[in-house]
Amino acid sequence: MYEGAVQDLIDELGRLPGVGPKSAQRIAFHLLSSESADVSRLVAALTRVQESVRFCVTCYNVAEAEQCRICRDPRRSDDVLCVVEEPKDVVAIERTREFRGRYHVLGGAISPIDGVGPDDLRVKELMTRLMDGSVKEMIIATDPNLEGEATAAYLARLVGPMGLAVSRLASGLPVGGDLEYADEVTLGRAFEGRRRIDA
Ligand SMILES: [Zn+2]
């Protein structure tokens, strides 16, 4: 529709999640009319993310060092491990201040329709972490939707024989929803009221 560079920018923006063609066009023209210093800051932020952000070698949260800030924090408990789908879920749970254990980020949820199975997630890595017996409780905090429930059931069955307590966040979370959109109070309560899963 537009010439060269402008259309390339619109196309790239349109590839981002949640950005439709109309929004892509609006953002592109906003950038075109912005101060060049503002655009430079955006470019610098993108470059920095690409160059310096990676995944924590222990929990697969986003990190700027080999390990993320949470894994490096000696004040946090090694007894409780909270399993989530994405790094954004770690942020959501941290906001509640209810949890002082460690995390494990799966990198998604089991979804047969999308062709995502356990082998596509960091399940093997989770099992390796549980092997040394230091984790006494595993809290499964996958999203309260079909994929999240399927993943929770799968994990509960898998770790059942290892003898650690397995719990799932309590109800009160909107069913079919996304963890990151739950408000802090609801998510905090769900944490307190987590229930034991008997595999
Ligand atoms: Zn980490």
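# Pockets and aromatic contacts

The lining of the largest pocket is made up of eight nonpolar, two polar and seven charged residues. The model is predicted, and this briefing covers its pockets, an annotated span and contacts that involve aromatic rings. About 300 Å³ of space lies in the largest pocket, and about 150 Å³ in the second largest.

**Largest pocket**

- Of the 17 residues that line the largest pocket, N61, V62, C68, R69 and I70 are the closest to its centre.
- Three elements each give two or more residues to this lining: β2 (62–63), α4 (69–72) and α5 (87–96).
- Helix α5 supplies the largest share of the lining, with four residues.

**Second largest pocket**

- The second largest pocket is lined by T58, Q67, C71, D78, L81, R102, R129, D132, S134 and V135.
- By class, this lining holds three nonpolar, three polar and four charged residues.

**Annotated span, residues 56–71**

- An unreviewed UniProt entry places the feature "zinc finger region: C4-type" at residues 56–71.
- In the model, the end C-alpha atoms of residues 56–71 are 8 Å apart.
- Helix accounts for 19% of the span and strand for 12%.

**Aromatic pairs**

- Two aromatic pairs are present in the structure.
- One of them joins Y2 and F29 in an edge-to-face arrangement, with 5.2 Å from centre to centre and 65° between the planes.
- Because Y2 belongs to the segment before α1 (4–14) and F29 to helix α2 (residues 21–32), this pair ties together parts that are 27 residues apart in sequence.
- Y2 has a relative accessibility of 33% and therefore counts as partly exposed; F29, at 34% relative accessible area, is likewise partly exposed.
- F99 and Y103 form an aromatic pair that is also edge-to-face, at 5.1 Å centre to centre and with 70° between the planes.
- F99 is buried, since its relative accessible area is 6%, and buried means under 20%.
- Y103 is buried as well, with a relative accessible area of 1%.

**Charge over a ring**

- The ring of F55 has the charged end of R122 sitting over it, 5.3 Å from the ring centre.

Technical notes. Residues are numbered from 1 along each chain as its sequence is written. This is a predicted model: local features need pLDDT of at least 70, side-chain atom pairs count only at pLDDT 80 or more; totals for chains, interfaces and linings use all residues. Side-chain values use heavy atoms; hydrogens and water are left out. On a 1 Å grid over the protein atoms alone, a cavity is a set of points where a 1.4 Å probe fits but cannot get out, and a pocket is an open set with protein on both sides within 12 Å along at least five of seven lines; lining residues have an atom within 4 Å of a point. Grid points are joined across faces, edges and corners, and a volume is the space filled by probe spheres set on the points. Ala, Val, Leu, Ile, Met, Phe, Trp, Tyr, Cys and Pro count as nonpolar, Asp, Glu, Lys and Arg as charged, and the others, Gly among them, as polar. UniProt positions are given in the numbering used here, feature names are shortened, and annotations may be inferred rather than shown by experiment. Rings of Phe, Tyr and Trp (its six-membered ring) pair if their centres lie within 6.5 Å; planes under 30 degrees apart count as stacked, over 60 as edge-to-face and the rest as tilted. Buried means under 20% relative accessible area, exposed over 50%, partly exposed in between (1.4 Å probe, protein chains only). A charge sits over a ring if NZ of Lys or CZ of Arg is within 6 Å of the ring centre and within 35 degrees of the ring normal.
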